[in-house]
Amino acid sequence: MKQYLIKRLFYLIPVMFGVSIITFGLINLAPGDPAEIILRSSGVEPTLEAVDALREELGLNDPVYIQYGRWFRDVLHLDLGQSYRTGRPVAEEIFSRFPATLELTVAAIFFMLLISIPSGILAALHRHAFVDHLSRIWALAGASLPGFWLGLLLIYYFSVKLGIFPVMGRGGLDHLVLPAVTLGFGMAATYARLLRASMLEVLGQDYIKVARARGLKEKLIVGRHALKNALLPVVTAFGMSFGHLLGGAVIVETIFAWPGVGKFFVDAIFNRDYPVIQGYALFMAVVFVIVNLLVDIAYVFLDPRIRLERGRQV
Amino acid sequence: MVDLSQTGGADTISSKTILNVRNLCTYFYTRQGVVKAVNGVSFDVKPGRTLAIVGESGSGKTVTALSLLGLIDPPGKIVSGEIYLDGRNLLGLSREELRRLRGKDMALVFQDPMTSLNPVFTIGTQITETLTCHMGIAGAEAKIKAIEMLKRVGLPHPEKIIKRYPFQLSGGQRQRVMIALALSMNPRVLIADEPTTALDVTVQAQILYEMRQLIKDCRAGVILITHDLGVVAELADEVAVMYAGSIVEYGDVYEIFDNPLHPYTRALLKSIPRLGTKDEVLRPVQGQPPSLIDLPGRCAFLPRCEHGAGGCRAGVPPLEEIIPGHAVACHRVIAAKPEEVTLRELA
């Protein structure tokens, strides 16, 4: 297990190296001269002399590999440059906002699990019955309703008309409910269907029949024997969907004026704030890789076949 | 011996038997029609004795076993019949009562040990949860009992085995675990559904030998479901030959092997390849089994029967006792005198 972890962490090095090259390439491939953009955004007339001077100062006249080396050294020191717009260090901007995004994402995942696991199991147990049809319609709705529309609808109904939840902003738990539901809704529906299919497959297995023949209680058979096996494909898919959640967070944060990185990132795109875009891309890549690692570890805990076979191999 | 004239309630059933099945019918209601998987099956199981149910795939052997355990899922349904375990009609029990009985009074060893155990739980967990369920013991006590059970089926290092996952064991080891699980509660009836089919030939022999010992020790009545006549010869005391959802021949194992009366039983016995004979051609039973959806109102084996005649169309032949302890469902055999039947000219 330990060796497996070390191996996985070791694999992170080439992945992160590749990611750093791509994100660095962003700034070089982007249209427009960064020096010119900086001057414009600070209200200085970008004359030829001023631009040249700034290019020299920023080291933009050096060969690309030297620029990359310099940038990479800075990244290793957690220095992602400074935002053109705010003038503050990008790392600081991201780190100060990320907890809000993480809070939102975790709440959405919690909502998703809370809804999708019971409804997936119920739909599988009552196949082709009312519950199953209901979950199918909901899955269709969840997959086709855009997040911004659902978010606005929820705000209108629960905040404006009923006044149960606040309209926007970050604060206590009540602030979290609507954004989390908006973010997790579509995924909860998808996951309920995924778990249903997976449960149906597992419930047809011989070991379930044998478990029944052993006289085990139905609750134990469904909740333990079947569920643990049925969760395996769901966990795999989850690792991939995490990106959708973070991506979706951008929209949800904008609707609910949630002070997370997503909203900050959208603002950066509108303002062509390249260091922020670059820093955000790099940061998200790191988050992604870590989440995938965590999912793999969870998988290893769920499935002894992987845990023990890999252990033997290493 | 079986008295097939007994078709009534519990009071008429011999006290010597543990399990009495009378006229069991299990149908599957599919879109194509009603599949009569088990169609009027009756048999008895006695303590310490083994009844083998033999037949081709699709003859209703496994459905019979699952019906006994109350494990028929929709669209399947037990349509009629009686199943008495120690005089108690199982078909009158609630789901919960049936569940308590499964694994305790009636245990099952399933055909494929590779798929019979849950892959994500250790052997120990799977044994102890059964113990917790039926005996209410858990923790260290259950663990000790689990180790004891594995020892009983001849598994070396049981204290290591309980920590293993199914995929870490060989086929033979897994089937031993399944047998240990099945026998752990000292069941009254053990149903073994093709217990050795998925195993290597050498392991098969070992497992059969061990099963015979264990069955003898625990005095359970055994229903052995198989298509392997070698296994039947090894383990069975009585044999029921099933064809198209019905028993076509029923009798003592020696009677069945030495004096098979039904043409289907004869064909089955002939199909076994023998070593040391010049006859090198395999002799399969000709033709295909009939569709169970629209069974004809005559002998179901007729299209494949070598001896079929006009009289065979006169309705479904009843299972009739020809000589004491040997029953057969064949118009020709029933019509003929018993002396003529025992003549070997047809064999």
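Which residue is the bridge partner of Tyr27(B) in E2(B)? In this predicted model, that spot goes to Lys36(B). Tyr27(B) also has a bridge partner in E4(B), namely Lys77(B).

Zooming out to the sheet itself, chain B has four strands arranged as an open sheet in the order E2-E1-E4-E5, with antiparallel pairing. Strand E2 (33-45) and E5 of chain B sit at the edges with a single partner strand each, so one side of each has no neighbour in the sheet. Going through the pairs, E1(B) and E2(B) run antiparallel over 10 bridges, while strand E1 (residues 19-30) and strand E4 (residues 76-85) of chain B do so over eight bridges. E4(B) and strand E5 (residues 88-89) of chain B are joined, again in the antiparallel sense, by two bridges. Here Leu85(B) is found opposite Arg88(B) of E5(B). The hairpin made by E4(B) and E5(B) has two residues between the strands, and Asp86(B) adopts a positive phi near 50 degrees there.

Then there is the helix on the sheet. Helix H1 (residues 61-68) of chain B packs on it and touches E1, E2 and E4 of chain B. The direction of H1 makes about 70 degrees with that of E2(B).

As for the contact between the chains, chain B puts in 24 residues and chain A 20 residues. On the side of chain B that touches chain A, helix H2 (95-101), helix H3 (113-116) and helix H4 (123-135) of chain B each chip in with at least two residues. H4(B) gives the most, with four residues. By type, the residues on that side of chain B split into 11 nonpolar, seven polar and six charged.

Conventions. Residues are numbered from 1 along each chain as its sequence is written. Chains are lettered from A and ligands numbered from 1 in the order in which they are written. This is a predicted model: local features need pLDDT of at least 70, side-chain atom pairs count only at pLDDT 80 or more; totals for chains, interfaces and linings use all residues. Two residues are in contact if their C-beta atoms, placed from the backbone, lie within 7 Å. Ala, Val, Leu, Ile, Met, Phe, Trp, Tyr, Cys and Pro count as nonpolar, Asp, Glu, Lys and Arg as charged, and the others, Gly among them, as polar. Two strands pair if DSSP finds at least two bridges between them. Axes are lines fitted to C-alpha atoms, for helices over the stretch in contact, and angles run from 0 to 180 degrees between N-to-C directions.
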